[in-house]
Amino acid sequence: MKIKEVTNYLEERFPLCLQEEFDNCGVQCGDVEQEISGALVCFEMSEKVIDEAVAMGANLVISHHPLMLKRGICKIEPTNRVGSVICKALHHDMVLYSMHTNIDSAEGGGNDVFAGKLELRDVRVLVPAEVEALAEHNGLGRIGKLPKPMPTMEFLHYVKEKMHLQVLRYHGDAGKTIETVAVCGGGGSSFIETALRAGADAYVSGDIKYHDFFKAENQMLIADIGHYEGEFFIKEIIYKALKEKFTTFAAAISKMDILEVLYL
């Protein structure tokens, strides 16, 4: 089986046309015409991940975050992180492939799973995809209702429990009752006002800067759980898609790309 058969299937499930304008989903480097020997799924590519793939005999590495965006590097040299990863991958005849905002947006992708982890009901897309034929069920963010209305502090503890968080940052009326919740995995600060207009009582995302908290003008609770914390499960989505479809090669989730953040 050729690698392109695997990537073609992934693109059927999570179409590349759903990626954002700035993004660079799909093949990062390598020859998809070669036979696949195994696949390793990671969140971020690194030399350690490439070494891990070599050790398991895999020649396809699939990451969530791409190595390069459209305004990326112009030279491939082993003198920086991106260049060193690409050079090592090509030395071992590997294909590097990324699924970023296409899997964030796609039905059954990152934001659907995010909403599912909070057990939201009557879920709909927060920011519909620009591809009109796919807009109803695809796009960035999701919005839905909690199983039951909750006071603000109960809701925040609920988010911490469901998302397995040690800490979160929030701003808003602590006396508010939360029922309608919008979510966006990764960095979703640009959709704060969209969530407010959609009628959300709370918006849960990551990478919220100081001034972003003022965008809701205290009319909506904003909870920043972190970028990684709202996307860590995407590796499992990719891995599950591979295991459901293919049985002729080994697939695994990387153990070498875990971002260890320490709290005091």
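The questions and answers below concern the cores, helix packing and backbone of a predicted model. Local features need pLDDT of at least 70 and side-chain atom pairs pLDDT 80 or more, whereas totals for chains, interfaces and linings use all residues. Residues are numbered from 1 along each chain as its sequence is written, and side-chain values use heavy atoms, with hydrogens and water left out.

Reader: Which helix gives the most residues to the largest nonpolar core?
Author: A nonpolar core is a set of buried Ala, Val, Leu, Ile, Met, Phe, Trp, Tyr and Cys residues joined through side-chain atoms within 4.5 Å; buried means under 20% relative accessible area, exposed over 50% and partly exposed in between, with a 1.4 Å probe and protein chains only. The largest one holds 48 residues, of which Phe155, Val181 and Leu242 touch the most other members. With 5 residues, the helix that gives the most to this core is α8 (residues 234-245).

Reader: How many residues are in the second, separate core?
Author: Among its members are Ala58, Leu67, Met68 and Met94. The number of residues in this second core is 17.

Reader: What is the angle between α1 and α8?
Author: Helices are DSSP runs of H or I with at least four residues, strands are runs of E with at least two, and both are numbered from the N terminus. Axes are lines fitted to C-alpha atoms, for helices over the stretch in contact, and angles run from 0 to 180 degrees between N-to-C directions. Val6, Tyr9, Leu10 and Arg13 of α1 meet Ala241, Leu242, Glu244 and Lys245 of α8, contact being heavy atoms within 4.5 Å. The axes of α1 (residues 3-13) and α8 come within 11 Å, and they cross at roughly 115°.

Reader: How are α2 and α3 oriented to each other?
Author: Helix α2 (residues 47-56) packs on helix α3 (residues 81-91) at an angle of about 15°, with the axes 9 Å apart. Glu47, Ile50 and Asp51 of α2 make the contact with Ser84, Val85, Lys88 and Ala89 of α3. Angles under 35 degrees count as roughly parallel, over 145 as roughly antiparallel, 65 to 115 as roughly perpendicular and the rest as oblique. The two helices, α2 and α3, are therefore roughly parallel.

Reader: Is Asp93 buried or exposed?
Author: Most residues other than glycine have a negative phi. Asp93 has a positive phi, near 55°, and is found in the loop between α3 and β4 (95-98). Its relative accessible area is 53%, so Asp93 is exposed.

Reader: What is the relative accessible area of Asn218?
Author: Asn218 also has a positive phi, near 65°, and is found in the loop between β9 (202-206) and β10 (221-224). Asn218 is partly exposed, with a relative accessible area of 43%.
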